[in-house]
Amino acid sequence: MNSTNSGIHATSPVLVDRHHDDRRYPQGVAFMDGQYLPMSEAKISVLDWGFLHSDATYDTVHVWNGRFFRLEKHLDRFLRGTKRLRMEVPYCSDQIAAILANCVALSGLRAAYVEMICTRGSSPTFSRDPRQAQNRFVAFAVPYGAVASDEQLRRGLHVAISETVRIPPQSVDPQIKNYHWLDLVKGLFEAFDMGAETAVVLDTNGFVAEGPGFNIFLVKDGEIATPAFGVLPGITRQTVFDLSEELGLSAVARNIGREALGDADEVFITSTAGGIMPVTRIDDGLIADGTVGPVTRRLTDLYWAKHQDPAWSTAVVYR
Ligand code: PLP
């Protein structure tokens, strides 16, 4: 029979072995379905609602010099998020802490980016009812990575204010750490088009909100300020409030208009992935004289010093 009569032409399958070259994956160790695995083997079903609908919450904590930084705060935020999304994690906070520590210890990493995730999961019948999905918990530790490179940390980042507006909190609650990043990624592409290195998006009222993976602060006339609403309550953001208090600096959460960023004496962004990171250019304008400011430096130095302080950090026991 002539194969052209068959209607559909099946091309011979090309077998690409994506699974045996570990260099394609970051190093690290994951935990899923009750087991510890190399990162290259940690995979979820494409039928998981987390993948199909971004129906997931997560948290990221880092390990620096073999110590978790403010782990309890990340665990609390994660478990609060799962509750609000009506997900069930089969582990308590202490058990999750032990799983995360095991991922780090098994990976041997002294500086790690450690993530805990709960997805809606999938139902055995592919039901469209989220109540029938079996929620899935995954954790992993991979090498530490930052929003900014070393060079950007030295000279300060160039940030663009994007035209894309942040998804309203009434639709997706930004206080629950989530993977609804289409607005943030669109903003990031707009920023790249403008020659900038990352983006900040505004909220539906035109106030400054946050960026892809970070909160933003400005310093003006000695006052440190950050947006009050419509943002993730970042643990690094909270840490800036705590450090400011210790340094006797005034820090507030309030509405910030886009012009206020350009008029600021200093601007910085905050994230578990990088800590406190200076911004020296917004759109086409320099912030003050375009160099990293003294308040940003003081906060950054104290931030990293706290990583060795047992009141702020927890040692990982490496076997
Ligand atoms: N805002 C968003 C949207 C984020 O995704 C993140 C972290 O990933 C942050 C802010 C910063 O939060 P944290 O300081 O807890 O890392």
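Trainee: What makes the link between the side chains of Asp48 and Thr119 a polar contact?

Mentor: Take the distance in this predicted model. The side chains of Asp48 and Thr119 are joined at 2.9 Å. The cut-off for a pair of N or O atoms is 3.5 Å, and 2.9 Å lies within it, so the pair counts as a polar contact.

Trainee: Which backbone nitrogen lies 3.3 Å from a polar atom of the Asp48 side chain?

Mentor: That of Gly121. Asp48 also touches Thr119, Arg120, Ser122 and Arg136, among residues more than four places away in sequence.

Trainee: Why is Asp48 called buried?

Mentor: Its relative accessibility is 1%. Buried means under 20%, so Asp48 counts as buried. Asp48 sits in the loop between β2 (35–38) and α1 (49–53).

Trainee: Why does Asp221 count as exposed?

Mentor: Asp221 has 67% relative accessibility. Exposed means over 50%, so Asp221 qualifies. Asp221 is in the loop between β9 (215–220) and β10 (223–226).

Trainee: And what makes Phe126 partly exposed?

Mentor: Phe126 has a relative accessible area of 46%. Under 20% would be buried and over 50% exposed, so 46% falls in between. Phe126 lies in the loop between β5 and β6.

Trainee: What is notable about the phi of Phe126 and of Asp221?

Mentor: Phe126 has a positive phi of about 60°, although it is not a glycine. Asp221 has a positive phi of about 50°, and it is not a glycine either. Most residues other than glycine have a negative phi.

Trainee: Now the ligand. Which residues are closest to the ligand?

Mentor: Lys177, Glu210, Ile235, Thr236 and Thr272 are the closest of the 17 residues that surround it.

Trainee: How do you know that Lys177 makes a polar contact with the ligand?

Mentor: An N or O atom in the Lys177 side chain is 2.4 Å from an oxygen atom of the ligand. The limit is 3.5 Å, so this pair is a polar contact. A backbone N or O atom of Ile235 lies 2.8 Å from a ligand oxygen. For Thr272, a polar side-chain atom lies 2.7 Å from an oxygen of the ligand.

Trainee: How much of the ligand does the protein bury?

Mentor: The protein buries 94% of the 390 Å² that the ligand exposes when taken alone.

Trainee: Why is Thr236 called buried?

Mentor: Its relative accessible area is 5%. The bound is under 20%, so Thr236 is buried. Thr236 belongs to helix α6 (residues 235–247). The Thr236 side chain reaches the backbone nitrogen of Thr272 at 3.2 Å. Contacts of Thr236 beyond four places in sequence include Ser271, Gly275 and Tyr303.

Trainee: Which residues have the most contacts inside the largest nonpolar core?

Mentor: Phe68, Ile96, Leu100, Val114, Met116 and Phe137, in a core of 25 residues. Helix α3 (93–107) is one of the elements that supply at least two residues. In fact α3 gives the most, with 7 residues. A second, separate core has 20 residues, including Leu157 and Leu261.

Trainee: How is the protein chain divided?

Mentor: Into domain 1 (29–145) and domain 2 (150–307). Their C-alpha centres lie 26 Å apart. The contact takes 24 residues from domain 1 and 23 residues from domain 2.

How values were computed
Residues numbered from 1 in each chain as written. Predicted model: local features only at pLDDT ≥ 70, side-chain atom pairs only at ≥ 80, totals over all residues. Heavy atoms only, no water. Helix = DSSP H or I, 4+ residues; strand = E, 2+ residues; numbered from the N terminus. Buried < 20%, exposed > 50% of the residue type's maximum accessible area, 1.4 Å probe, protein only. Polar contact = N/O pair within 3.5 Å; in protein donor to acceptor, adjacent residues only side chain to side chain. Contact = heavy atoms within 4.5 Å. Core = buried A, V, L, I, M, F, W, Y, C linked by side-chain atoms within 4.5 Å. Near = heavy atom within 4 Å. Areas by Shrake-Rupley, 256 points an atom, 1.4 Å probe, with all protein chains shown as cover. Domains from an automatic or database assignment.
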